[in-house]
Structures are given as structure tokens and as C-alpha cells.
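This report describes how the parts of one model fit together. It takes the chain interface first, then helix packing, then backbone details.

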Number of protein chains: 2
Amino acid sequence: MAAPSVPPRIAIADASRHVGERVRIAGWLYNLRESGKIVFPLVRDGTGILQCVAMKNALPAEVFQTVRDLTQESSIVVSGKVRAEPRAPGGYELELDGIEVIQRVPESDPYPITPKEHGIEFLMDRRHLWLRSRRQHAILRIRHEVVRAVRDYFDSHGFTLVDTPIFTPSACEGTTTLFEVNYFDHDKVYLTQSGQLYNEATAMAFGKVYCFGPTFRAERSKTRRHLTEFWMVEPEMAYATLDDVKQVAEELVCYVVQRVLENRRPELAVLERDVSKLENVKPPFPQISYDEAVRRLQAKGSPIQWGTDFGGTDETLLSEDFDRPFMVDRFPAAIKAFYMQPDPERPEVVLGVDVLAPEGYGEIIGGGQRIHDLELLLRRIEEHKLPREAFEWYIDLRKYGTVPHGGFGMGIERCVAWICGLDHVRETIAFPRMLYRTRP
Amino acid sequence: MAAPSVPPRIAIADASRHVGERVRIAGWLYNLRESGKIVFPLVRDGTGILQCVAMKNALPAEVFQTVRDLTQESSIVVSGKVRAEPRAPGGYELELDGIEVIQRVPESDPYPITPKEHGIEFLMDRRHLWLRSRRQHAILRIRHEVVRAVRDYFDSHGFTLVDTPIFTPSACEGTTTLFEVNYFDHDKVYLTQSGQLYNEATAMAFGKVYCFGPTFRAERSKTRRHLTEFWMVEPEMAYATLDDVKQVAEELVCYVVQRVLENRRPELAVLERDVSKLENVKPPFPQISYDEAVRRLQAKGSPIQWGTDFGGTDETLLSEDFDRPFMVDRFPAAIKAFYMQPDPERPEVVLGVDVLAPEGYGEIIGGGQRIHDLELLLRRIEEHKLPREAFEWYIDLRKYGTVPHGGFGMGIERCVAWICGLDHVRETIAFPRMLYRTRP
């Protein structure tokens, strides 16, 4: 059923460079519209969606019939001439002159995700197929751009990538939310919650480092902001203070958003994202202290008291005051991790900073300056009742050439959810893992 | 003790751009040499090592004494004028005029890794400090370049990054080498051994994809090629055959080696790597069939019989015949994974390919074309006694628009070991995890 000659295969994303040429597209039927003696198959190939035009009068009868009978997600290779067509989605279309059907999905067992509405559990159970839809496609392409931008930022600012281990013997921030792994029956290890402690070692070797990989939290949370497995990028810098940490955090967030705006406009349009909100993301980010945040929240009616952490609602309330990401610093030492450097002028607060996204998306970055003094670190390990033996290597970093240092972690899924304007982080990763979701 | 004014801080890597200027360097004492009334402290800052010159006659007595008394890995900020000095390591030196000691490592508890020889277990126990040494530093910087090159290759060739889950309900290649995780007491999951099955789903959505993350194998191996936790990049392409897979594999390996040669010459020199071996890495890679490989091995005296897999020694023997990476294809179906596409002309072999590094470094890439026919896949799942229920989603990919497709996995640590010319993969990752090694 193929047309007389075999033209070169191109990607739909490159259609604009082949106007007037005969080409082949290998893909899947996304949708089919019929209008009298013309059929318009929409073909997707992973790089885009292209409208084809099959005219009854111009095609052999069996070719036209084959096209007309196509079912959703049937795999097909179509050939024809590319032409500019302002009315077509994407601006180009293919004047179809041949088709090879690799597999026709039968009516007896049709593709389960139809253009109609489906419930979220139905779609999540079919995540391996749902990823083919335009919206999921757009989200994951934006995610890719976010990941690239993050790496490009650090690679071009003197940071060395030093990935930290997934299997860790000790816990970074408490043991209650750790996944435990049986290690050959002779040992137990935990899945990393953060590469930070290791980053502190590698920062002393490389000056500026980052790690970027999956992290794990066994939290029994079912909120729209939680996954049990999520990706985090964590920079760490030797000879750095809280101000250096803030500067890198601000630059990074601006750079990432800028890159998405530059390279993923069509995807943002698919998601109907209000890009004016993203265009606001420019330095300087507003900065308030934790004290100030508590005062603002109380004035807005939150029951929060000084000394407790923000809840999700508090974060949303705070973000009402800002049109871009903002920073909150100097949290009470008691609610933060053992390794946080106290403010020399107010030891009850630490030199930590969170960056919160606007529009109620909550914390996307948490970090700060770490304790570099040996005696203070030892005291904190004792106060937090941590097993000193497991931290000996970490303590070594304060014995052999300790220096002020700091860094932060940025959660990729929360970042993507915010940039895409999504209700829930579950759509920001290909195969999300949640309390009651480990399949497919 | 600081000099009169505070000059700008620079990184050692940028010294060449500051010749004749007064600057500050924040780092650690790497080594100290004394020659009469001159002391030469070598300072490292993570971006390089710079020789400083402290002259007794030119410095206040207490500054000179401070420099002279420095101990290894003491953290210091030095100031002075940069000058070109061909005899200095790196070609530049700093005429020291001031020093601030952040922490002097005391003689009573000195830095444990001295320039003398240490045993491997001693060093591995102190991996958090060992990373500061010149050789480890060079290896991990090459690793970073390899990772960047891999990502740049795929990002610039139309592949979408779609990271696959670490927590997986089913096993890709057998269950005996899986790490099991207790998932909130209501489920059990395994740590991924490969993202391939998920890649096949995402390739049907995006056309060309790759995933790049840590993978896990609970192998009781203590060879120089095995880690329990290692990083792997895995591309997968829809509408692709074995030949497409080979082409991408060849291009990728050449590109990665080229990038290291371009950007990491000094590090290769530190490792005393024979770069002529790497300069050989150009297309086309020699290709032999499994049959041919067996004949060659038997001729070299190996006891291998047709139908069994290569051992490490076989891989080394084979590589004697080649001056660059080479490919072996069409393995017996019986020793390969259930999803491998049989050769239509010889169904007892599959359309798989391994790429082996030269110089005895063994397999760095394994991949091939996957079964796309529904009936055949179902038969294989049955033959391999795999639980069909766990594979329903994977089977779906053959029901809804199946197409020929293929891809491969490339192990980063083996690649880095080969490029760096290392005896053992344990030095190719910051914190290696092995059968009896989970710390620090």
C-alpha cells in the first residue's frame, strides 16, 4: 500500500525545514477527523503532532479506506508532501500519498484512554500509556528542560558534579522517614534522603560541588506535594556563607525559569500556563525573616506560634504577598537539622533559608550555612541523640581543615509543578511513587 | 596577620587571567617545601593546585613563621601577586604577602593521609578525605566530563530525558540479584536494575528517550568490575532496529572519549594515561558475531563453548585483537533476556549487541532490538516463567501501536575506569558500594 518511492524519514519537529518535500513520518494515530471526502489524521511521533490530509479523489481507494479505518494509537508510517498551512495545528500539514500500517489497534480491544474525561486513578493505572497524551508530554518535556537548565547552571559556574551514594549507613535528618534495605543479610542500609552530608565532604575536595539524583522519604503523607521517590539537586560550597547560598539559589531559580520560557513556550501553551507569572521571576527575590513570616501569618489569621514550622496552608498564605519566589531565613534552631549554623547574634535561630514559590506552590529550596566548628558540631550530635560512631567521617571534616560552608537542596518535582502550574506533583515525573502507588 | 588590603578572591583555575594582580586564594595546604629562606606552600582550592612563595626577607616575621608552621590540609586564605613561572606546577605561582589561617590541623591529630603509600582498605575507610588527593580529584573530574558528554550527546540528538523509577514492582532481568525494600509494611518493591522496560513505554510516547540514574544489583561479586550501586544511561528508540542501536552506541562512545580528550587532558596526565589509546577511539568499530567471538576465543585456548556467556577473561582475550572498542552481536537467545528480538533468519540467536572496551576493560554497553510482536512476547514471558500479572503494562505496549524498537545501557563506572585506565571501578565513583563496603 506504500507510495511508489520511499522518501526520507523526518521528525515532525523538523517539518518546517521540509516544506515542499516528500517525506515519511513514523508515528501513531493521535486522532482522526473526517469531513466529507477528506480525512484528517493527526499523527504524533514523540517530537510533535502533525495533521495529515487524505483526499478520496487523490488516493487509491484502498489507501483512503485504510486511513479512514485507522484506530487511535495504531502505529503507522505515512508519506506525503509537507506544506505550510496556517490553519493546521503547528502550522504545517502533510498531503498524504501513502501509508504503511505497522499495527492497527483492533476495535475489539481499543486504546483505553479516549479523548473523554477519565478519573485520576484510571489514568495513573495506565501511566505507561497516559504519557502519550499531549498534556503529559508537555509536562515531561518541561521537566527535561528544567533538568538541563539546572545542570547547565552548575556546570557553567564552577561546580563539579559529584554524585552521592543512594545506600547510606546513617540518616541525615532523622530516621523515622527512612526506607531500609536488607544488604546481603550482613548489613542494613538506608536509602538516601539527601546527599548533603556527603556533599560537605566533596565540597572540601572540590570547592563547589553538586549532586543530582533520586532521593527517598518514607513519609505517610498523601498531600499534593509529596512523593516517596523524587529528584533533588543539591549544591554545596566551601568558604561560603548564608549570603552566598541565597545568591546561588536566586540565580538558579531565575535561570531555570528563563530557560523554560525560552525553549518550552509551546508546551506552556498546551498547559494553558499563565506565563506572565513566570516572566515575573527576576531578581531580587523578596527576603523576610522567619520572625516576620510568623507576624504576617498571624495577621492573616493563622494559628502559627513562633517556634513551629510552617504548614502547607501557611506557605500558601505567605505567598499571597509576593509576585515571585521569596526567601524566608533564620528559622528557630529547634525545628531545623542538627548541622545548621546558629546566627552568631541570636543563637536561638539558624542561618538557614527556604525559597518558596509564588502562587501557593510552597517550598522549593531549603538550605543554609552548616556548622563548621568541631566543638559545636559534637555538642549538637549529642543533643540530637545521634549515634556518634556513624558520624565519625562527618566529624573528620571539622578536624582537617574546616571552613565555613553552605548549600541547599532544590526539589525538581515541586519546581516543575510550579512552573507548569499543576495541582499535584504526581504528574511531574514519569512514574510517580506515592504511599499507595508503586505501579506501573 | 592579613596583608594591608583585601584583594579579590579568585579560583586557582583562573590564575592565568590574573597575572600581575594581587589576589586571594581560599583553600587548603596540600604540601609544603622549604628551601633555605624560602618556603613553598602548595595550596589546593578544588579547582587546582597553586605553588605559593613565601620569602623570609620579604615578609613580617610572624607571617613567615605561620606559613612555615602550616600542617597538611590546614584551611588557609592566602594573598599575593600572581606571576607566570614556567618551573612551577601549572605554570603560575603566588608571591605570598599575607595569610589567614582558618584552621591549623594540629600535630597531635594530623591529617591521616600522608604522601606515603597507604593500603586500599585504609584509604577506602577514609574516602571522604581521600577524595582531596590529586589522583582521585582527576578521576572524578573526568567522570563529570563523561556524564556531561553523555547528556549533551542525547540532548542534541533528539532524545527526551525521561527518568524511570527506582522503586519497581517487577524485575527486569531475573529476581536473584534484586535489593528488596519494605514499602510501608503494605507492599514490597525492588530497586531498579535497569530502566529499560519503562524506557520502552516512554519511547512509544516520545520516540527517542533516555534515562540516566543509579541502578542496583545485589550480586555477590567481588571482581574489579562490580559495584552494587552504579550509574547507567539507557537510550531507547521507537521505530529502530539493531543497526540503529549500533550506530548510536558507536557515536556515543566516540563522542564521550573525544570530549574527555578535549577538556580533561591535564587530568589524564595526572593519571599517566596513555592517551594514544583513547585517540584511537574512532568509527567504525570492528564488529564480530558471537559465533566468530567463540571461534576466536577457542583458538586462543579458552574453554568457552557455543551457548555460554563470556567470562571476564574471555572479554580480555577478545580485546587483544582490537585497538578500539568493538561490537559482538547475535548472542544465543538462551543466555539473553526474555525481551530480546530473535534474528528472523536464525531464531536461536537474538538481535542483541555488546560493546566491549579495548585493553581488557570488558563490556561497557549491552543492548539490542526488543520483541515487538505481542504473541511472541507472551510466549517468552511464559517460557521464562515470569509472572504475567506484573508485566501487563509492558504487554500493553505490544497491544496499542507496537513498533520495532531498541536501545542499550551504558555503565558509567566501567566507562570511566576504561577512559582513566584504572584497575578497579571502586575509584570511579565518590562513595563506592560493594559487597562488603557501605561506609563512609
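How many residues of chain A are in contact with chain B, and how many of chain B with chain A? In this predicted model, 96 residues of chain A touch 95 residues of chain B.

**Interface**

About 7,700 Å² is buried between chain A and chain B, and carbon and sulfur atoms give 61% of that area. On the chain A side, Phe184(A), Tyr239(A) and Tyr400(A) lose the most area to chain B, together 11% of what that side buries.

Side chains of opposite charge can pair when their charged atoms come close. Between chain A and chain B the count is 6 salt bridges, and over all chains the structure holds 82. Lys399(A) forms a salt bridge with Asp109(B), with the closest N and O atoms 3.4 Å apart. Within chain A, Arg437(A) forms a salt bridge with Glu121(A), where the closest N and O atoms are 2.8 Å apart. This pair links distant parts of the chain: Arg437(A) sits in the segment after H13 of chain A and Glu121(A) in helix H2 (residues 120–125) of chain A, 316 residues apart.

**Helix packing**

The table lists three helix pairs with their packing angles and axis distances.

| Helix 1 | Helix 2 | Angle | Axis distance |
|---|---|---|---|
| H4(A), residues 134–155 | H6(A), residues 242–263 | about 135° | 9 Å |
| H9(B), residues 290–299 | H10(B), residues 312–319 | about 90° | 10 Å |
| H11(B), residues 374–383 | H12(B), residues 392–399 | about 155° | 9 Å |

At about 135° between H4(A) and H6(A), H4(A) is therefore oblique to H6(A). H4(A) passes H6(A) in a right-handed crossing. On H4(A), the residues that make the contact include Ile142(A), Val146(A), Arg148(A), Ala149(A), Val150(A) and Tyr153(A); on H6(A), they include Val248(A), Glu251(A), Leu252(A), Tyr255(A) and Arg259(A). By class, the residues of this contact are 11 nonpolar, 1 polar and 5 charged.

In chain B, the angle between H9(B) and H10(B) is about 90°, so these helices are roughly perpendicular to each other. Ala293(B), Arg296(B) and Leu297(B) of H9(B) make the contact with Asp314(B), Leu317(B) and Leu318(B) of H10(B). Here 4 residues are nonpolar, none polar and 2 charged.

H11(B) and H12(B) pack at about 155°, which means that H11(B) is roughly antiparallel to H12(B). The crossing of H11(B) and H12(B) is right-handed. Leu374(B), Leu377(B), Leu378(B) and Ile381(B) of H11(B) meet Tyr394(B), Ile395(B), Arg398(B) and Lys399(B) of H12(B). The contact of H11(B) with H12(B) divides into 6 nonpolar residues, no polar and 2 charged.

**Backbone details in chain A**

Which residues does a cis peptide bond join? One such bond lies between Pro283(A) and Pro284(A), with omega about -5°. Pro284(A) belongs to the loop between helix H8 (275–279) and strand E12 (287–289) of chain A. Another joins Arg439(A) and Pro440(A), with omega about -5°. Pro440(A) is in the segment after helix H13 (412–420) of chain A, the segment that also holds Arg437(A).

Glu359(A) has phi near 60°, a positive value in a residue other than glycine. Glu359(A) is placed in the loop between strand E15 (346–357) and strand E16 (362–370) of chain A.

Notes
Residues are numbered from 1 along each chain as its sequence is written. Chains are lettered from A and ligands numbered from 1 in the order in which they are written. This is a predicted model: local features need pLDDT of at least 70, side-chain atom pairs count only at pLDDT 80 or more; totals for chains, interfaces and linings use all residues. Side-chain values use heavy atoms; hydrogens and water are left out. Axes are lines fitted to C-alpha atoms, for helices over the stretch in contact, and angles run from 0 to 180 degrees between N-to-C directions. Helices (H or I, at least four residues) and strands (E, at least two) are DSSP runs, numbered from the N terminus. Angles under 35 degrees count as roughly parallel, over 145 as roughly antiparallel, 65 to 115 as roughly perpendicular and the rest as oblique. A crossing is left-handed if the near helix is turned anticlockwise from the far one by less than a right angle, and right-handed if clockwise. Contact means heavy atoms within 4.5 Å. Ala, Val, Leu, Ile, Met, Phe, Trp, Tyr, Cys and Pro count as nonpolar, Asp, Glu, Lys and Arg as charged, and the others, Gly among them, as polar. Buried area is the accessible area (1.4 Å probe) that two parts lose on being put together, summed over both. A salt bridge is a side-chain nitrogen of Lys or Arg within 4 Å of a carboxyl oxygen of Asp or Glu.
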